[in-house]
Structure formats: structure tokens, C-alpha cells
Amino acid sequence: MSTIGADQRLTKTDQLREHLSTLVGERLRPGDRLPTERELADEFGVSRLTVRRALDRLESERLVYRVQGAGTFASRRPITKTIEFTSFSEDMRSRGLSPGSRLLDAVETPAGARIGYALAISPADPVFRVRRVRTADDAPMCLETSHVPLALAPGLLDLPLEGSLYSLLETRFRIRLVRADQVIRATVLDPEEAELLQAMPLSPALLVERTAYDQRGRAVEVAKSLYRGDRYSYEIAIERTS
Ligand code: GLP
């Protein structure tokens with residue numbers, strides 16, 4: 001049996017995810033089948049649920065794909081482009097703008113099914129939900145809702161939340177966010193969102209959904225950021241590689 005569980009700082013799911021990610025990256029070729037859930041559970045002495053969670057994470061990172069009835073397979077090399085990971089504050093500063101925030105509310109609430117799943121905690125586990133209007137040179141730029149597990153950042157709500165959330169996590173809780181899964185799509189502002197962003201209802205917006213992970217591979221933040229379409233553009237440097 002291989003060892004999982006020796007590193008107390010990581011959950012079994014995180015450790016298995018790391019192990020399988022190395023296996024996929026270094027030993028398997030695209031299209032190779034991974035061992036079955038049962039084989040992995042037996043090999044590492046963990047439950048099938050832990051195996052399934054680790055595989056779910058790898059699937060969401062597109063390192064593996066599943067074929068019903070056939071198993072889990074190593075993916076082709078990622079099709080996503082790597083772009084720089086930044087906080088809102090860093091992003092605005094890099095554009096020559098001064099970042100700010102207006103705190104709308106900050107509460108403790110059960111994670112619920114969707115957020116809990118993304119954060120790999122149970123739906124009843126508490127998270128902090130922080131809603132802020134993010135400003136650039138004092139003008140509304142983005143409406144942001146972040147969820148952070150209470151267990152990872154106890155006391156977060158007692159700290160000043162108008163500045164950078166990521167700096168707080170780093171300086172107060174030693175959590176450095178280094179990677180995220182992110183989906184960006186077009187949407188329009190509903191009347192409440194429009195009012196908070198001082199825009200017209202139904203005006204175009206960019207929705208950025210992020211699950212951010214720390215240096216140990218733990219999911220630390222699930223967030224939605226809604227940017228005014230007339231003020232924000234997403235810039236990516238791309239390069240021909242073949
Ligand atoms: C970006 C991300 C959010 C994150 C925020 C943190 O906007 N999309 O998920 O909460 O950065 O920014 P800051 O550290 O400035 O609060």
C-alpha cells in the first residue's frame with residue numbers, strides 16, 4: 001500500500017490529488033487509463049469518496065477525463081493558456097489605477113451544496129461570504145462576492161475588509177493563493193447590480209468565476225466578480241508556439 005496521510009497539513013483528498021497529478025503529468029501518456037476507484041482506494045488505504053473527490057479535482061483541472069463505463073483517462077496536454085494569477089488590487093495597479101473597495105456585507109453562513117463542493121467541504125460547514133463593490137480610482141468597477149471556509153481563516157470578519165483580501169489571507173493566515181480555475185463569460189447587469197455599479201440596468205458585464213487554491217493545493221476561495229463591460233477588458237498575451 002502506498003502512503004497517504006503522513007503529511008498532517010494536507011487532507012487525504014489533497015494528498016491523493018497531488019500524487020495522481022504527478023502520475024498523470026510524469027508517467028502516463030494522454031489516453032492512458034488510470035487505476036479504478038476501487039484500486040486507488042485499496043492502494044492508498046482511503047475511502048472511495050476520497051478517491052472520487054481527488055478525481056473530481058483533477059477533472060476540473062482538465063488533467064483527466066472520465067468516460068462512463070470505461071474509466072478515467074489522462075488528458076491531452078491542457079488546452080487552457082496559462083495567464084498571470086492576480087488579485088483585483090494587483091490587476092488594477094498594473095493598469096495604473098488605484099484599487100479600493102466598499103464593503104456591502106460580510107457574514108458567516110453554511111457553505112451550501114455548490115460552494116461546499118467547490119471548496120471540498122460539506123454543505124453544512126461554515127464559510128465567510130464577503131460582498132464588496134471594487135473601485136478603481138474611486139469609480140465602481142466590479143461587484144465581488146467571495147466565499148472562504150471559516151476553518152481556514154477564523155476571525156476573518158473582524159479584520160478590515162476594504163483592502164486586499166488576498167493580502168489579508170497571506171499576512172494574517174499564511175495562506176498564499178497561487179492558482180485558480182476561472183471561467184469568464186458575458187452577461188448583463190440586473191437592476192440591483194446596475195445600481196451598485198452605477199450603471200444602466202441590462203448593460204453588458206463580464207462575469208469572472210474563480211476557485212482559488214493555495215500553495216498546498218487547498219481550495220480557499222470561491223468567488224464571483226462582475227465587471228462593468230464598459231470599463232474592464234481581459235487582456236492576454238498570446239504567442240505562436242508552432
Ligand atoms: C480578483 C478575483 C477575486 C478575488 C480578488 C481579490 O478580483 N477574481 O476572486 O477575491 O481578486 O482581490 P483583493 O486581494 O484585491 O481583495
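Reader: Is Asp137 buried or exposed?
Author: This is a predicted model, and in it Asp137 is found in the loop between strand 4 and strand 5. A residue counts as exposed if 12 or fewer other C-beta atoms lie within 10 Å of its own. Asp137 has 12 C-beta neighbours inside 10 Å, so it counts as exposed.

Reader: What is the phi of Asp137?
Author: Let's begin with the usual case. Most residues other than glycine have a negative phi. Asp137 is not a glycine, yet its phi is positive, at about 50°.

Reader: Which loop holds Leu202, and what is its phi?
Author: Leu202 is found in the loop between helix 7 and strand 7. Leu202 is exposed, with 11 other C-beta atoms within 10 Å. Although Leu202 is not a glycine, its phi is positive, at about 70°.

Reader: How many helices and strands does the protein chain have, and how does its radius of gyration fit with the globule rule?
Author: The protein chain has seven helices and eight strands. For 242 residues the globule rule gives 18 Å, and the radius of gyration here is close to that, so the protein chain is as compact as a globular protein of that length. The value for this chain is 20 Å.

Reader: What box do the C-alpha atoms of the protein chain fill?
Author: Here the box is taken along the principal axes. Its dimensions are roughly 55 × 45 × 30 Å.

Reader: What share of the contacts with a separation of 6 or more comes from residues 24 or more positions apart?
Author: Here is one such pair to start with: Leu104, found in strand 3 (residues 99-110), is in contact with Arg131. Leu104 and Arg131 are 27 residues apart in sequence and 5.4 Å apart in space, C-alpha to C-alpha. Across the protein chain, residues 24 or more positions apart make up this share of the contacts with a separation of 6 or more: 58%.

Reader: Which element gives the largest share of the largest nonpolar core?
Author: In soluble globular proteins, nonpolar side chains tend to be buried together. This core has 20 residues, and those that touch the most other members are Ile115, Leu119, Val127, Phe128, Val148, Leu169 and Val220. Two or more residues each come from helix 5 (112-119), strand 4 (126-136), helix 6 and strand 8. The largest share, four residues, comes from strand 8.

Reader: Which residues does Val220 touch, not counting residues up to four places away in sequence?
Author: Val220 is one of the core residues that touch the most other members. With residues up to four places away set aside, Val220 touches Val148, Leu152, Leu169, Ile175, Leu177, Ala212, Tyr213 and Asp214.

Reader: How far apart are the centres of domain 1 and domain 2?
Author: The protein chain is divided into domain 1 (12-74) and domain 2 (88-228). Taken over C-alpha atoms, their centres are separated by 30 Å.

Reader: Which helix supplies the largest share of the side of domain 1 that touches domain 2?
Author: The contact takes seven residues from domain 1 and five residues from domain 2. On the domain 1 side, helix 1 (12-27) and helix 3 (48-60) each supply at least two residues. By class, this side has no nonpolar, two polar and five charged residues. Its largest share, four residues, comes from helix 1.

Reader: How far is Arg52 from Ala106 in space?
Author: Arg52 has its place in helix 3 and is partly exposed, with 14 other C-beta atoms within 10 Å. Arg52 and Ala106 are 54 residues apart in sequence, and their C-alpha to C-alpha distance is 33 Å.

Reader: Which residues is Leu196 in contact with, leaving aside its neighbours within four places in sequence?
Author: Leu196 is found in helix 7 (residues 191-196). Because it has 17 C-beta neighbours inside 10 Å, Leu196 counts as partly exposed. Once those sequence neighbours are left aside, its contacts are Val133, Pro140 and Leu143.

Reader: Which residues come nearest to the ligand?
Author: There are 15 residues around the ligand. Elements giving two or more residues to this shell include helix 4 (88-94) and strand 5 (139-149). The shell divides into six nonpolar, six polar and three charged residues. Those that come nearest are Ser87, Phe88, Ser89, Ser164 and Ala223.

Definitions and conventions
Residues are numbered from 1 along each chain as its sequence is written. This is a predicted model: local features need pLDDT of at least 70, side-chain atom pairs count only at pLDDT 80 or more; totals for chains, interfaces and linings use all residues. A residue is near a molecule or strand if its C-beta atom, placed from the backbone, lies within 6 Å of it. Ala, Val, Leu, Ile, Met, Phe, Trp, Tyr, Cys and Pro count as nonpolar, Asp, Glu, Lys and Arg as charged, and the others, Gly among them, as polar. The radius of gyration is taken over C-alpha atoms; the globule rule is 2.2 Å times the number of residues to the power 0.38. Two residues are in contact if their C-beta atoms, placed from the backbone, lie within 7 Å. A nonpolar core is a set of buried Ala, Val, Leu, Ile, Met, Phe, Trp, Tyr and Cys residues joined through C-beta atoms within 7 Å. Domain bounds come from an automatic or database domain assignment.
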